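Here is a note on the model you sent round. The points are numbered so that you can reply to them one by one.

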Amino acid sequence: MKLNEQKIGFLGAGKMASAIIRGLLKSGIPKENIFAGEKYEPSAEIARKDFGIFVTADNADVVNRADILIIAVKPKDIAAALSTAGSLGKKLFISIAAGVTTASLEEMVGKEARVVRVMPNICATVLESATGICPGKNATKEDVDLAKAVFSTVGVAMEVPEDLLDAVTGLSGSGPAYIFPIIEAMADGGVYEGLDRKTAMILAAQTVIGAARMVIETGDHPAELKDMVCSPAGTTIVGIQTLEEYKIRAAFMNAVINGAEKSKEIGKKK
Ligand SMILES: NC(=O)C1=CN([C@@H]2O[C@H](COP(=O)(O)OP(=O)(O)OC[C@H]3O[C@@H](n4cnc5c(N)ncnc54)[C@H](O)[C@@H]3O)[C@@H](O)[C@H]2O)C=CC1
Ligand SMILES: O=C(O)[C@@H]1CCC=N1
């Protein structure tokens, strides 16, 4: 089944739904095939204006129109959103909610429901998401392929077993928020040394893009790439020594681990 033949409904038209809608439209999905249920009228109006799609406060209307329903409300709001969604029928449910397991989604949607759980990230906004996908027990290969097709419109999407989706959440789901302060702080260092803010910010952000591209495009281990930058008795090794003093690696490892643990905790509450 082709993605552009599907009617795609969103429950919630917030930050993540908007990013995904942008990707779908950019990839050529007609705007007539995309709908959203959004209870907060100012957000609904922004989505209508930005995308020209049908947005309503009536979730049941969205559910009626959709072949694929993307659950894009906060984890704590899923039950309430589904309770106003009317008859859920036989469709593919894709949830992007952190921590919420396919088993608890199936409990809410129906034991036989075809559910796929996904963890994208906010970089979907610029079509650079790193997304993990896992099927629930009734989802077919075609369902997983459709979910992959949806999230490939906003970046890279890969299948992982469900017991690793909390790890994906702590790593790439939350990860952009760990990198933004790094970019800001590196730019701060540049400003301290006399660069203007705008120049410093572009240099810092482009440095992160370039380093990430090198890891992906060369396939080299990051340690090897780091060694390429560190001249003996040069400037970089002094910077590396400073980062090691502040235990930057432990800090990042722990940020990912604690994020993943929090995702597991959210899952247990459902
Ligand atoms: N923000 C992020 O970086 C990421 C978020 N997620 C997940 O995506 C989901 C959405 O997060 P965001 O887009 O950041 O949140 P958001 O707050 O921007 O969007 C959620 C939207 O749902 C609407 N909403 C709440 N209850 C509703 C209901 N009953 N009916 C209709 N609309 C309702 C809200 O008004 C809001 O506009 C969450 O479950 C989160 O765990 C996943 C990956 C990354
Ligand atoms: O902070 C959160 O719970 C969501 C899920 C991953 C990124 N943001």
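How far apart do the end C-alpha atoms of residues 7-99 lie, and what share of the span is helix and what share strand?

1. The end C-alpha atoms of residues 7-99 lie 26 Å apart, and the span is 39% helix and 20% strand. This is a predicted model, so these values and those below are computed from predicted coordinates. The span comes from UniProt, where an unreviewed entry annotates residues 7-99 as "domain: Pyrroline-5-carboxylate reductase catalytic N-terminal".

2. Overall composition. The protein has twelve helices and eight strands. Its C-alpha trace spans about 70 × 40 × 30 Å along the principal axes. Of the 270 residues, 35% are buried. Among contacts with a separation of 6 or more, 65% are between residues 24 or more positions apart.

3. The sheet. Eight strands make up an open sheet with mixed pairing, and their order is β3-β2-β1-β4-β5-β6-β7-β8. The edges are β3 (54-56) and β8 (155-159); each has a single partner strand, so one side of each lacks a neighbour in the sheet. From one strand to the next the twist averages 20 degrees.

4. Pairing around β4. Strand β4 (residues 68-71) is joined to β1 by four bridges, and the two run parallel. With β5 (residues 92-95), β4 also pairs in the parallel sense, again over four bridges. Ile-68 of β4 stands opposite Ile-8, and its bridge partner in β5 is Leu-92. Ile-71 stands opposite Ser-95 in β5.

5. Burial of β4 and β5. In β4, Ile-68 and Ile-70 point one way while Leu-69 and Ile-71 point the other, and all are buried. Strand β5 is likewise covered on both faces: Leu-92 and Ile-94 lie on one side, Phe-93 and Ser-95 on the other, and all are buried. The pair Ile-71 and Ser-95 thus joins a residue that is buried in β4 to one that is buried in β5.

6. Ligand 1. The shell around ligand 1 holds 29 residues, and the closest are Gly-12, Gly-14, Met-16, Ala-81 and Ala-97. By class, the shell has 16 nonpolar, eight polar and five charged residues. Helices α1 (15-26) and α4 (78-83) each supply at least two residues; α1 gives the most, with three.

7. The annotated binding site. An unreviewed UniProt entry places a "binding site" at Leu-11, Gly-12, Ala-13, Gly-14, Lys-15, Met-16, Ala-72, Val-73, Lys-74 and Pro-75. These positions span 65 residues in sequence, but no two of their C-alpha atoms are more than 14.3 Å apart, so they gather at one spot. Gly-12, Gly-14 and Met-16 are on this list and are also among the residues closest to ligand 1.

8. Two positions of that site. Is Ala-13 buried or exposed? Ala-13 counts as buried, because it has 29 C-beta neighbours inside 10 Å and the cut-off for burial is 20 or more. Ala-13 is in the loop between β1 (8-11) and α1. Leaving out residues up to four places away in sequence, Ala-13 touches Ser-18, Ala-36, Glu-38, Ser-43, Ala-44, Ala-47 and Val-55. Pro-75, in the loop between β4 and α4, is partly exposed, with 19 other C-beta atoms within 10 Å. With the same exclusion, Pro-75 touches Ala-97, Ala-98, Gly-99, Val-100 and Ile-266.

9. Ligand 2. Which residues surround ligand 2? They are Ala-98, Thr-169, Gly-173 and Ser-174. By class this shell has one nonpolar, three polar and no charged residues. Ala-98 is one of the residues that Pro-75 touches, and Ala-98 belongs to the surroundings of ligand 2.

10. Helix α11. How many of the eleven residues of α11 (residues 235-245) are buried? The count is zero, and the helix is hardly covered. Just after α11, Lys-247 takes a positive phi of about 55 degrees.

How values were computed
Residues numbered from 1 in each chain as written. Chains lettered and ligands numbered in written order. Predicted model: local features only at pLDDT ≥ 70, side-chain atom pairs only at ≥ 80, totals over all residues. Near = placed C-beta within 6 Å. Nonpolar A, V, L, I, M, F, W, Y, C, P; charged D, E, K, R; others polar. Pairing = 2+ DSSP bridges. Axes fitted to C-alpha atoms, helices over the stretch in contact; angles between N-to-C directions. UniProt positions renumbered as here; feature names shortened; annotations may be inferred. Buried ≥ 20, exposed ≤ 12 C-beta atoms within 10 Å, placed from the backbone. Contact = placed C-beta atoms within 7 Å.
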